[in-house]
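This report goes through the model shown below, beginning with strand pairing and moving on to helices, loops and selected contacts.

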Amino acid sequence: FRVAAPLSFGPTHFAPVLAEMGRRHPQLQIHTSYGERFVDLVAEGFDCGIRLGFLDDSNLIARRVGPLHGKLVASPDYIRRHGAPETLEELSAHQALMGGSETWKLMDGDKLITVSPRGRFKVDNGTVLADAAVAGLGIAALANQFIRDHLLAGRLVPVMSRYPLPQAGIYVVRPPGEQPNRKVRVLSEMLIEYLEPGLSQAAAGL
């Protein structure tokens with residue numbers, strides 16, 4: 001059973017579920033590949049993948065196993081030096097810490113908008129991105145799982161609260177076919193079971 005999972009909180013949030021799956025099914029061989037690069041599930045022979053955020057259009061079949069909430073954040077030191085943006089125009093003048101995308105999706109009331117912030121620091125790992133924000137390098141858009149402890153400790157504070165990040169998702173994706181095989185279905189159901197308590201706290205930013 002081959003699974004591709006993201007390195008960003010994959011080892012902390014998904015690895016325990018896969019370990020429990022192995023415990024419950026002692027005859028099952030599980031091979032998990034953690035990484036941030038985009039994996040071609042079909043070409044590389046994976047049964048399924050776990051993906052975060054907003055899914056691009058593809059021929060893969062996706063099952064949502066949990067919500068993903070986040071915030072725009074910056075360090076108190078960055079705000080002291082550069083101020084806290086409150087409008088989209090002000091945001092464009094700030095240093096953005098970029099993840100895997102060149103754009104951010106924000107909510108303006110009930111309307112989804114896309115902005116293209118500017119920044120010189122880009123990394124495809126949420127934990128490293130959060131550390132860069134704590135170091136005062138700029139403003140980051142991050143899932144609550146990466147920033148919860150920093151927010152509680154005061155190392156990061158929310159900004160642009162008038163334009164919140166839309167709720168994204170955690171998905172199990174698989175190659176096209178009429179029915180998911182039993183292993184994919186079991187993993188999806190276990191992720192829903194194990195992620196719900198933690199995600200309900202993350203949704204509240206706890």
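## Strand pairing and local features

Val 3 has Cys 48, in β3, as its bridge partner. The model is predicted. Val 3 and Cys 48 are part of the contact between β1 and β3, which pair in the parallel sense over 2 bridges. Strand β1 (residues 2-5) is also joined to β2 by 4 bridges, and these two strands run parallel. Within that pairing, Ala 4 stands opposite Ser 33 in β2. On the other hand, β3 and β12 pair in the antiparallel sense, over 5 bridges. There, Gly 53 stands opposite Gly 169 in β12. Strands of a sheet pair through backbone hydrogen bonds, in either the parallel or the antiparallel sense.

The pairings and their bridge counts are set out here.

| Strand pair | Sense | Bridges |
|---|---|---|
| β1 and β2 | parallel | 4 bridges |
| β1 and β3 | parallel | 2 bridges |
| β3 and β12 | antiparallel | 5 bridges |

These strands belong to an open sheet of 5 strands in the order β2-β1-β3-β12-β4, with mixed pairing. Its edge strands are β2 (31-34) and β4 (61-68), each of which pairs on one side only. On average, neighbouring strands of the sheet are turned by 20° against each other, direction ignored. Helix α1 packs on this sheet and touches β1, β2, β3 (48-53) and β12 (168-174). The direction of α1 makes about 175° with that of β2. Strand β3 is mostly covered, with 5 of its 6 residues buried.

How far apart are the end C-alpha atoms of helix α1? They are 20 Å apart; the 15 residues of α1 (residues 10-24) should span 21 Å at 1.5 Å a residue, so the two values agree. The buried residues in α1 are Gly 10, Phe 14, Val 17, Leu 18, Glu 20 and Met 21. An α-helix has 3.6 residues a turn, so residues three or four places apart point the same way.

In helix α5 (residues 144-153), the buried residues include Asn 144, Gln 145, Phe 146, Ile 147, His 150 and Leu 151. Just after α5, Gly 154 takes a positive phi of about 80°. Met 160 also has a positive phi, near 55°, and is a residue other than glycine. Most residues other than glycine have a negative phi. Met 160 lies in the loop between β11 (157-158) and β12. Its relative accessibility is 4%, so Met 160 counts as buried, the cut-off being under 20%.

Leu 137 is found in another loop, between α4 (126-134) and β10 (139-143). Is Leu 137 buried or partly exposed? At 30% relative accessibility, Leu 137 counts as partly exposed. Leaving aside residues up to four places away in sequence, Leu 137 touches Tyr 78, Gln 95, Leu 97, Arg 120, Phe 121 and Ala 132. One of these, Gln 95, is 42 residues from Leu 137 along the chain, and their C-alpha atoms are separated by 7.3 Å.

Aromatic rings come last. A search of the whole structure finds 0 aromatic pairs. A ring does take part in a contact with a charge: Arg 2 lies over the face of Phe 46, at 4.1 Å from the ring centre.

Terms used
Residues numbered from 1 in each chain as written. Predicted model: local features only at pLDDT ≥ 70, side-chain atom pairs only at ≥ 80, totals over all residues. Heavy atoms only, no water. Expected span 1.5 Å × (residues − 1). Buried < 20%, exposed > 50% of the residue type's maximum accessible area, 1.4 Å probe, protein only. Pairing = 2+ DSSP bridges. Axes fitted to C-alpha atoms, helices over the stretch in contact; angles between N-to-C directions. Contact = heavy atoms within 4.5 Å. Phe/Tyr/Trp six-rings, centres within 6.5 Å; stacked < 30°, edge-to-face > 60°. Lys NZ or Arg CZ within 6 Å of the ring centre and 35° of its normal.
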